[in-house]
Amino acid sequence: MTAGAGGQAARQQAAGRGPEPWPRGISRQATMRISDVLRTLAPEFGDVSHSKLRFLEEQGLITPVRTPSGYRQYSPADVERLRFVLTEQRDSYLPLKVIKDRLAAMDAGDDDGPRPAPRLAPTADEDRSRRRWTHEQVADAAGGVPVDLVEQLVRAGAISESSTGHLGPGAVDVVRIAAQLSSHGIEPRHLRALRTAADRQVALADQVTAPWRGRRSAEAQGHADAMAGEIGELLTRLHAVWVRQGVADL
């Protein structure tokens with residue numbers, strides 16, 4: 001236990017109560033609906049969903065307040081706990097049990113935990129997760145690349161286009177990377193095989209999580225979301241290792 005955490009815990013215990021749960025100093029006034037929480041977390045965690053939040057609640061990682069009518073309401077402190085859990089899953093590939101144990105240590109004052117950073121209101125760029133983009137808007141957001149590059153990527157299947165001709169938010173990142181690759185002579189047509197390989201990885205994650213998705217409970221759906229996210233990150237990491245090893249051997 002650090003000196004700061006131990007001193008705080010001692011003072012609180014001397015006052016006849018346990019340590020304040022982590023994060024300390026963050027409002028615990030529950031005024032946010034689940035849609036507000038999803039909107040807040042979406043810029044950082046695009047795959048977060050209603051079912052995933054309910055699953056994390058059932059696992060005891062967060063405890064939103066229930067209104068008399070049964071609706072869940074969350075506080076800024078709940079959002080910070082969710083951000084911690086999702087970050088540890090995404091960046092450190094930690095299982096929920098390990099994350100839960102660390103949260104318990106942080107709640108008890110045995111682990112200071114990360115200090116929540118100040119959060120600004122979402123910018124126009126961060127809000128893109130809820131937009132549908134035209135080819136021209138994607139080209140502009142990707143740094144003013146030629147619209148023709150966007151259209152080539154669509155024809156090559158590197159970017160998915162909706163029936164209305166619009167593109168999803170991930171198209172901007174794909175175009176930015178493709179524009180950098182084009183400076184090395186790698187054209188959109190060369191990316192078709194990479195997209196096919198990525199789709200096969202998604203299909204593998206879908207196959208593994210299908211039994212859970214077939215169940216109706218919120219816990220099963222949340223488990224499927226969490227499992228799919230973890231599998232996706234591990235497959236991405238494995239692919240990166242193979243590419244780095246192969247390039248190093250050139």
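This is a short talk on the helices, salt bridges and surface of one chain.

The model is predicted, so local features need pLDDT of at least 70 and side-chain atom pairs count only at pLDDT 80 or more, while totals for chains, interfaces and linings use all residues. Residues are numbered from 1 along each chain as its sequence is written, and side-chain values use heavy atoms, with hydrogens and water left out.

I start with the overall layout. The chain has ten helices and two strands. Helices here are DSSP runs of H or I with at least four residues, strands are runs of E with at least two, and both are numbered from the N terminus. Read from the N terminus on, the order is α-α-α-β-β-α-α-α-α-α-α-α. Of the 250 residues, 33% count as buried. Buried means under 20% relative accessible area, exposed means over 50%, and partly exposed is in between, with a 1.4 Å probe and protein chains only.

One buried residue is Leu-41, in helix α2 (residues 34-41). Leu-41 counts as buried because its relative accessibility is 0%. Its C-alpha atom is separated by 9.7 Å from that of Glu-80, and the two residues are 39 apart along the chain.

Next, the salt bridges. The rule asks for a side-chain nitrogen of Lys or Arg within 4 Å of a carboxyl oxygen of Asp or Glu. By this rule the count is 13. I will go through some of them.

Arg-81 bridges to Asp-107, with the closest N and O atoms 2.8 Å apart. This pair links distant parts of the chain, since Arg-81 sits in helix α4 (residues 76-92) and Asp-107 in helix α5 (residues 96-108), 26 residues apart. Are Arg-81 and Asp-107 buried or exposed? Both are buried.

Helix α5 also holds a bridge of its own. Lys-97 pairs with Asp-101, the closest N and O atoms being 3.3 Å apart. The two are four residues apart in α5, so about one helical turn separates them. Lys-97 is exposed, at a relative accessible area of 62%, and Asp-101 is partly exposed, at 43%.

In helix α9, Asp-199 forms a salt bridge with Arg-195. Their closest N and O atoms are 3.1 Å apart. Again the partners are four residues apart, so they are separated by about one helical turn. Asp-199 is partly exposed at 39% relative accessible area, and Arg-195 is partly exposed at 25%. There is also a network of salt bridges, which links Arg-33, Asp-36 and Arg-39.

Now the packing of α9. How do α9 and α10 pack? Helix α9 (residues 192-213) and α10 pack at an angle of about 160 degrees, with axes 9 Å apart. That makes α9 roughly antiparallel to α10. Axes are lines fitted to C-alpha atoms, for helices over the stretch in contact, and angles run from 0 to 180 degrees between N-to-C directions. Under 35 degrees counts as roughly parallel, over 145 as roughly antiparallel, 65 to 115 as roughly perpendicular, and the rest as oblique.

Last, the surface. Leu-238, Val-241 and Trp-242 form a nonpolar patch there, with about 290 Å² of accessible area together. Patch residues have over 30% relative accessible area and no salt bridge; like charges are joined within 9 Å, and nonpolar side chains (Val, Leu, Ile, Met, Phe, Trp, Tyr) within 5 Å. Accessible areas come from the Shrake-Rupley method with a 1.4 Å probe, and for residues only the protein chains shown count as cover. Leu-238 lies in helix α10 (residues 218-248). It counts as partly exposed because its relative accessibility is 36%.
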